Amino acid sequence: MIRLVLVTLALLVCSSSPFAQEKPAGSDEIQIRQLERAWNQAEANQQVKEVSNLVDDTLVYTDYDGSIMNKSEYLKWVAAPDQKADHLFDEGMTVHVYANAAVVNGIYRESGTNKGKKYVIRSRYTDTWIRYGNVWRCVASHSTLIPPK
């Protein structure tokens, strides 16, 4: 019986327990989070040059309606005068860094005007980033609309 208790305790100590401390964010993760926030702000303010610097020339952007845009189409959409986001709010994100790649997923809320009509949406997204030397660029972005309850 004592042997069973000792083995159980040893397994608990050696395993990754629910009591283990969370790993602190690395510099790449912090940088990706900052880039995501900068992207939201630049898109909301229709700052095409800033958005262009964050996304790769090979960008594949899949919008919540299923449409797919390349980089130039996406930048035209960002600059479109008939749509304007008033507010882009990130409800939280998870960042996984893998050497020279990172995958981000989370939820954002957006409100604004499109073709004269007010809108409010909530969407789940996944962004894929690749590091080229010291520079991170988003190569793929996908969002899925979360229907109102």
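I began with strand 1 and strand 6, which run parallel and are joined by four bridges. I should record at once that I am working from a predicted model. To place individual residues along this pair, I looked up two positions: Val55 stands opposite Cys138 in strand 6, and Tyr61 has Ser141 in strand 6 as its bridge partner.

I then followed strand 1 to its other pairing, where strand 1 and strand 2, the latter made of residues 68-69, pair in the antiparallel sense over two bridges. Thr62 stands opposite Ile68 in strand 2. Strand 1 and strand 2 form a hairpin with five residues between them, and in its turn I noted Gly66, with a positive phi of about 95 degrees.

Next I turned to the antiparallel pairings further along the chain. Strand 3 and strand 4 pair in the antiparallel sense over 14 bridges, and I took Lys84, which stands opposite Thr113 in strand 4, as a reference position. Two residues lie between the strands in the hairpin of strand 3 and strand 4, where Ala99 takes a positive phi near 55 degrees. Strand 4 and strand 5 also run antiparallel, joined by 14 bridges, and here I noted that Val104 has Asp127 in strand 5 as its bridge partner.

With the pairings listed, I asked myself what the order of the strands is in the open sheet of six strands. I read the order as 2-1-6-5-4-3, with mixed pairing. Strand 2 and strand 3 stand at the edges with a single partner strand each, so one side of each is left without a neighbour in the sheet.

I went back to the backbone angles, looking at residues other than glycine with positive phi. Lys115 is a residue of this kind, with phi near 55 degrees, and I found Lys115 in the loop between strand 4 and strand 5, whose hairpin has two residues between the strands. Is Lys115 buried or exposed? I have Lys115 down as exposed, because its relative accessible area is 65%, and the cut-off for that class is over 50%. Gln46 likewise has a positive phi near 55 degrees and is not a glycine; Gln46 lies in the loop between helix 2 and helix 3. At a relative accessible area of 23%, I entered Gln46 as partly exposed.

For the packing, I looked up the largest nonpolar core, which has 27 residues, and noted those with the most contacts inside it, namely Ile32, Trp39, Val51, Tyr74, Val104 and Trp129. The elements that give two or more residues to this core include helix 2, helix 3 (48-54), strand 1 (55-62) and helix 4 (71-79), together with strand 3, strand 4, strand 5 and strand 6. Which element gives the most to this core? I found that helix 2 does, with five residues.

Val104 had come up already as the bridge partner of Asp127, so I listed its contacts. Leaving aside neighbours within four places in sequence, Val104 is in contact with Ile32 and Glu36, with Met93, Thr94 and Val95, and with Tyr125, Thr126, Asp127 and Trp129.I made a separate entry for His142, which lies in strand 6. His142 is partly exposed, with a relative accessible area of 37%. Not counting residues up to four places away in sequence, His142 touches Thr62, Arg124, Tyr125, Thr126 and Asp127. I also checked the spacing of His142 and Ser123, which are 19 residues apart in sequence and 9.8 Å apart in space, C-alpha to C-alpha.

My last entries concern the largest pocket, which holds about 460 Å³ of space. I counted 25 residues in the lining of the largest pocket, and those nearest its centre are Glu43, Tyr61, Asp63, Trp77 and Glu110. How is the lining of the largest pocket made up by class? I entered eleven nonpolar, six polar and eight charged residues. At least two residues of this lining come from each of helix 2 (27-44), strand 3 (83-98), strand 4 (101-114), strand 5 (117-132) and strand 6 (135-145).

Conventions
Residues numbered from 1 in each chain as written. Predicted model: local features only at pLDDT ≥ 70, side-chain atom pairs only at ≥ 80, totals over all residues. Heavy atoms only, no water. 1 Å grid on protein atoms, 1.4 Å probe; cavity = no way out; pocket = protein on both sides within 12 Å on 5 of 7 lines; lining within 4 Å. Points joined across faces, edges and corners; volume = space filled by probe spheres on them. Nonpolar A, V, L, I, M, F, W, Y, C, P; charged D, E, K, R; others polar. Core = buried A, V, L, I, M, F, W, Y, C linked by side-chain atoms within 4.5 Å. Buried < 20%, exposed > 50% of the residue type's maximum accessible area, 1.4 Å probe, protein only. Contact = heavy atoms within 4.5 Å. Pairing = 2+ DSSP bridges.
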